[in-house]
Structure formats: structure tokens, C-alpha cells
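Biologist: Got a minute to walk me through this one? I'd like to start with what counts as buried.

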Amino acid sequence: MSDLRSSIERATPRRKKWPWVAGAVVVLLIAVSGVALTRGVGSGDRPAAGGTPVRGGTLRFALIDYQRSPDPQWGTNYAESLIGDNITDKLTWQDPDTGEITPWLATSWEYDKDLTEFTFHLRTDVTFSDGTPFDSRAVKANFDQYVNGDEKLGILPNGATLMPGYLETRTPDEHTAVIRFKKPLASFLQASSFTANAGPGFLSLSTLKLSAKDRTDPAKVIGTGPFVYESWKPQVRTVLVKRKGYHWAPPALRHKGEAYLDKIVFNTIPEASVRTGSLESGALDATLDVGTTDEKSLADQGFTIIHRAVSGTAIFFNLNSQLFPTDDIAVRRAIQLGWNRDALRKTVLTDSYSVATSVLEPSVLGYADYSGSVLKYDPRQAEQLLEKAGWKEGPDGIRAKDGKKLVVKLLGINNLVVNKPAYESIQQDLKKTGIDLQLTVLPIPDYAANVARAKTDWNITAANRSRNDPAVLNLQYSPLLGNGSYLTEDSAGIDVDEVTTTLGKLERTLDPTARKQYARAAQDLLLDKYALVNPVYNPSQVIAHADHVHGIVFDAQSRNHFVNTWKNNGK
């Protein structure tokens with residue numbers, strides 16, 4: 001590791017420049033935004049989106065989950081990342097349709113040929129809401145604490161998930177930040193725009209000095225974003241108000257000045273029927289997490305339904321390679337082949353969702369379609385694989401081998417409205433092939449507590465990972481990082497070094513052609529050669545809103561930004 005660092009420091013780097021400026025991006029996105037708008041992603045300040053934007057008013061918005069802390073760098077559910085993304089900003093913005101990285105708090109950037117050093121040139125006019133400047137010192141303080149944590153303050157480290165191998169942030173001048181890593185990290189360019197769970201939204205130096213407990217006071221959580229906290233009531237609501245003087249929204253959004261809305265009230269409403277009823281009665285302006293059975297009725301009543309698939313992985317069944325019976329590749333392949341994807345599409349999903357045809361969601365660079373091979377419905381082949389491997393059907397229809405039943409235990413999350421019904425559909429199909437899939441689908445806190453025991457207690461961990469970059473596969477499945485299938489040197493029939501090397505190549509280049517090839521090779525290993533994952537469906541964030549609401553933005557991780565949002569009546 002030290003040899004690598006010294007060789008980088010001695011090298012004369014060849015740098016890749018991205019000379020973006022605010023005016024240059026507008027021309028690029030004019031053609032894109034029309035497409036994005038039809039998916040609910042576009043800019044709300046265009047006349048085509050409902051007329052001339054009106055300033056003022058309060059947006060009443062419902063969520064299935066609640067914000068457990070106002071600290072945006074801590075949150076791990078959708079509600080927390082969505083709210084955090086509206087009080088903080090990122091270095092860059094990722095276009096949700098093309099995947100391209102464009103300016104935000106950084107106006108331009110370059111990186112060395114080894115992809116271990118990324119230099120960002122910052123805007124000079126950005127401030128935190130307490131009036132202090134956003135500068136390279138703030139970037140360094142945020143990344144240092146985000147990655148390493150602070151034990152004395154009770155701040156947990158987040159570096160392993162987004163910035164593995166982080167060394168330091170150098171500050172050669174007030175508006176230049178140089179972020180350095182121990183080894184190549186191509187995905188860091190995308191990470192500089194990352195908006196999903198536990199994202200590195202920038203907090204003021206005064207906030208970074210506070211303990212985790214003190215950061216539960218929303219008045220002390222200071223960001224650079226278009227909104228600031230007014231109040232936070234755990235499990236009930238979070239209220240944001242407009243940040244006065246804000247004028248640095250991503251150029252790609254073509255928004256000038258402050259947010260249009262005066263206030264946003266995020267209401268936590270776990271029951272889908274209550275969210276829908278509140279929207280219908282006029283108590284809400286919009287709701288996320290629309291129930292699948294409510295989409296059509298709300299549309300028929302004149303409400304607008306917008307959605308975007310969550311870029312990253314599909315909802316997956318990560319198959320435990322260390323635990324009986326999923327340590328048997330025949331069982332893993334039978335799980336992939338033994339359930340009816342067409343039935344899932346017709347009976348559980350709406351047009352806002354799609355059946356997964358790879359572990360990557362289709363918007364991610366390098367996605368490949370496996371629906372005609374390992375991810376097709378072929379119960380006969382599944383039964384043949386199990387028979388050949390010695391799994392014999394018992395009197396109750398469940399197969400057994402060496403006196404042990406083919407029981408597969410699944411741990412999942414109920415944070416998305418489609419999850420449990422989708423798993424139940426698969427459960428019914430797999431039972432026909434002799435597999436007893438037992439479901440435990442829990443709220444996020446309980447799920448998180450059980451994940452710690454997943455290696456020894458659960459055959460399947462069901463979830464997804466938001467990350468619009470093919471290196472999400474390396475982060476999720478590399479034995480050196482997420483190790484989603486719990487690979488070890490004694491994993492039966494699996495070359496762990498091959499998996500590690502193949503996935504690691506995704507971090508060694510930003511060349512799109514090469515990354516597509518590496519992503520295909522990674523998917524081949526995970527889905528075909530070793531059958532380590534069973535993708536289920538591509539999750540989507542679905543919003544229903546009244547016709548007086550305009551300009552809700554979905555970003556590249558399908559989180560919502562409200563700087564462009566406005567209401568016809570301004571009330």
C-alpha cells in the first residue's frame with residue numbers, strides 16, 4: 001500500500017479534464033429534459049410543466065418511513081436521504097437519464113491516470129445557512145469525518161460503503177480540494193454526486209463539531225441546501241423552510257435563485273390507505289410510496305402519477321454461499337429458475353415497476369439482459385437440477401437431502417410497498433418445485449439488527465442498493481467490501497480470487513466501453529457461473545400529486561429535490 005502511494009506521488013500524472021461551466025450545461029440538457037419530464041424527472045420551471053412558476057406556499061408531502069435523525073450523513077432510509085438532500089448539496093450532479101456527471105458546488109474537476117486523485121475546483125459564492133463559507137476546508141472536514149467517523153462524538157464511519165481506501169483531502173487553496181485514495185476508485189466521480197442513503201451532503205464546521213446526540217437538534221444541523229430545518233418530530237413529521245439567498249442549484253436543473261416553495265411538511269404515514277385517503281381529501285398535496293392498488297384509482301380521479309426506477313441494483317435475493325442449503329449451487333440455480341416472472345408482473349407489479357432481468361437496473365452503464373437464460377422461468381429445469389443434486393421430493397412436496405429439508409430462510413425489508421407481495425409470489429412458485437421459502441420481512445430497524453447475523457442465520461438477504469454506477473456490483477459483492485454472498489476461500493466450487501479480480505476491474509477505468517465489458521463479466525459471474533444472486537424486480541419510487549403541484553425532480557438515485565417545485569396557487 002505504501003509503495004503504491006509513493007509511486008503515485010512520484011508520477012507525472014496525465015489528467016482528464018471536464019471543463020464544465022454553468023452556461024455550457026444548459027444546451028446539453030435541453031434535449032434531455034423533455035424525455036425526463038415524461039418520467040417525472042424534469043425541471044419544474046418550464047412553461048410546459050404547468051405554466052409560469054409561482055413563488056410561495058407549503059407542500060404537504062407524505063412518506064411511508066420517518067427520519068430518525070436530522071443528520072443527513074447518518075440516515076439510512078429513503079425518508080432520511082430525501083430530506084437530507086434538500087438541506088445539503090453535493091460537489092456534482094448526475095444526470096438521471098444519461099448518467100453524466102455535471103457541475104454543482106464544483107465547477108470543474110480533473111483526475112490522475114491512476115484514478116487515485118480527484119481535484120475539484122469549487123464555486124466561490126456558496127455559503128452554509130449560518131453564513132460561513134463553503135470552501136476546501138469544509139470539504140476536507142466533511143470527508144474526513146464522513147469516512148473515519150469520530151468516536152468521541154459518537155459519529156460512525158461511512159467510508160467503507162462509498163469511499164473505500166480514502167487517504168485524505170488536500171486543500172492547496174481556498175477553492176481547490178484534492179481527494180486521494182490508496183488504490184484506484186473510478187466510482188468516486190459518481191460518488192461526488194451521490195444522493196442515496198448516508199450520502200456525503202456537506203455540513204458546516206459548527207455542525208461537524210457536534211456529537212450525534214446534539215445533531216438531533218435540527219436547528220444545529222447546518223447545510224448549504226435550498227431548505228433549512230424548521231422542526232423535527234420523530235416518527236411524525238419534519239418541516240423544512242426556504243433558505244433565503246440560495247442561488248446555486250445544479251445548472252442542469254436550470255433553476256435561478258431560491259426555491260419556489262416557502263415550506264415543505266413531510267408527514268410520516270405508514271399505512272398506504274391513509275396516505276391515499278389524505279391525498280384524496282386534500283389534506284396532502286403529494287405522497288410517495290403509492291400503493292400499487294391505488295395508482296389507477298388516483299389517476300382516474302385526476303391525480304398525477306410520476307415515477308422513476310431506482311438506479312443501482314434490482315431488488316435482489318443475495319444467496320448465502322456458506323449456509324446450508326444455499327451452499328449448493330443446484331439450489332441457487334433452482335431458485336433463479338423456479339419462479340414465474342410473468343405472473344409477478346401481471347399480479348403484483350404495475351407499469352411503474354419492471355421485472356428484473358439482471359442484478360443491475362437497466363439505466364446503469366453496462367446492464368445486460370439475462371431473461372433468456374439463467375433468469376427465465378423453467379420449473380422443469382429447476383426440478384431436474386435438484387433431482388440430480390440428490391434433493392428428493394418428500395410426502396409434503398418439500399424436497400430433502402441426507403435427512404434435511406430444503407428450507408430456505410429469507411430476511412427482507414418492508415420499506416417498499418411491492419416487496420412483501422413479490423416475495424410471497426415467489427414463495428408460492430418455489431414451493432411447487434419443492435423449495436420451502438420461509439419469509440421474514442421486517443421494518444428497517446429490525447432488519448438492520450438481523451443483518452448482523454445474516455451469515456449464520458439467513459440463506460437469503462433481500463434488499464437493493466441505490467448507486468447509478470456499475471461499480472455498485474463491486475461495492476455490493478466483492479469479498480473485500482460488501483461480500484453480499486459471504487464468499488470465503490472454502491466456498492464450494494467458487495474461485496473467490498476470480499470474483500474479487502473481476503469485480504475490482506470496475507474501479508480501474510472510467511472508459512465507458514471498458515466499463516461495459518467489465519460490468520458484463522461481473523454479471524456473468526454473479527448470475528450465471530456461480531448463481532450468487534436472484535434478481536427479483538426493479539424498484540421504483542412512485543409519487544401521486546394533485547394537479548396544482550409541479551416540478552418534483554427525481555435525481556439519478558431517484559431521490560426527490562424540491563428546489564424546482566411549485567404550486568399553482570402559491571398556498
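Modeller: Sure. Buried means under 20% relative accessible area. Keep in mind that this is a predicted model.

Biologist: Fine. Is Asp289 buried or exposed, then?

Modeller: Asp289 has 9% relative accessibility, so it counts as buried. It is found in the loop between strand S12 (286-288) and helix H9 (295-300).

Biologist: What about the backbone at Asp289, what phi does it have?

Modeller: Positive, about 60 degrees, although Asp289 is not a glycine. Most residues other than glycine have a negative phi.

Biologist: Where else should I look for a positive phi in a residue that is not a glycine?

Modeller: Tyr486 has one, of about 55 degrees. Tyr486 sits in the loop between helix H16 (472-477) and helix H17 (496-504). Its relative accessibility is 18%, so Tyr486 counts as buried.

Biologist: Now empty space. How many cavities of 30 Å³ or more are there?

Modeller: The structure holds five.

Biologist: What's the volume of the second largest cavity, and which residues line it?

Modeller: About 60 Å³. Asp289 is back, as one of the lining residues. With it come Val290, Tyr353, Leu416, Val417, Val418, Ser540, Gln541 and Val542.

Biologist: How does that lining split by class?

Modeller: Six nonpolar, two polar and one charged.

Biologist: Next, helix H13. What span should its 14 residues have?

Modeller: H13 covers residues 419-432. At 1.5 Å a residue they should span 20 Å, and the end C-alpha atoms are 21 Å apart, which agrees.

Biologist: Which residues of H13 are buried?

Modeller: Asn419, Ala422, Tyr423, Ser425, Ile426, Asp429 and Leu430. Looking down the axis of H13, the buried residues fall within an arc of 155 degrees, so they line one face of the helix.

Biologist: And which ones are exposed on the other side of H13?

Modeller: Gln428, Lys431 and Lys432. Just after H13, Gly434 takes a positive phi of about 95 degrees.

Biologist: Over to pockets. What volume does the second largest one have?

Modeller: About 520 Å³. It is lined by 23 residues, and the closest to its centre are Gly99, Glu100, Leu365, Leu510 and Pro512.

Biologist: Which elements give two or more residues to that lining?

Modeller: Strand S1 (16-18), strand S5 (106-111), H6 and helix H18 (512-529). By class, the lining of this second largest pocket has eleven nonpolar, six polar and six charged residues.

Biologist: You mentioned H6. What comes between helix H6 and helix H7?

Modeller: A loop, and Ser192 is found in it. H6 is 188-191 and H7 is 205-208. At 4% relative accessibility, Ser192 counts as buried.

Biologist: What does Ser192 touch, leaving out residues up to four places away in sequence?

Modeller: Lys90, Leu91, Thr92 and Phe120.

Biologist: Last topic, peptide bonds. Is the one from Phe324 to Pro325 cis or trans?

Modeller: Cis, with omega near 5 degrees. Most peptide bonds are trans.

Biologist: Where does Pro325 lie?

Modeller: In the loop between strand S14 (315-319) and helix H10 (329-337).

Biologist: Remind me, which loop residues had a positive phi without being glycine?

Modeller: Asp289, at about 60 degrees, and Tyr486, at about 55 degrees. Asp289 also belongs to the lining of the second largest cavity.

Conventions
Residues numbered from 1 in each chain as written. Predicted model: local features only at pLDDT ≥ 70, side-chain atom pairs only at ≥ 80, totals over all residues. Heavy atoms only, no water. 1 Å grid on protein atoms, 1.4 Å probe; cavity = no way out; pocket = protein on both sides within 12 Å on 5 of 7 lines; lining within 4 Å. Points joined across faces, edges and corners; volume = space filled by probe spheres on them. Nonpolar A, V, L, I, M, F, W, Y, C, P; charged D, E, K, R; others polar. Helix = DSSP H or I, 4+ residues; strand = E, 2+ residues; numbered from the N terminus. Expected span 1.5 Å × (residues − 1). Buried < 20%, exposed > 50% of the residue type's maximum accessible area, 1.4 Å probe, protein only. Arc of directions from axis to C-beta. Contact = heavy atoms within 4.5 Å.
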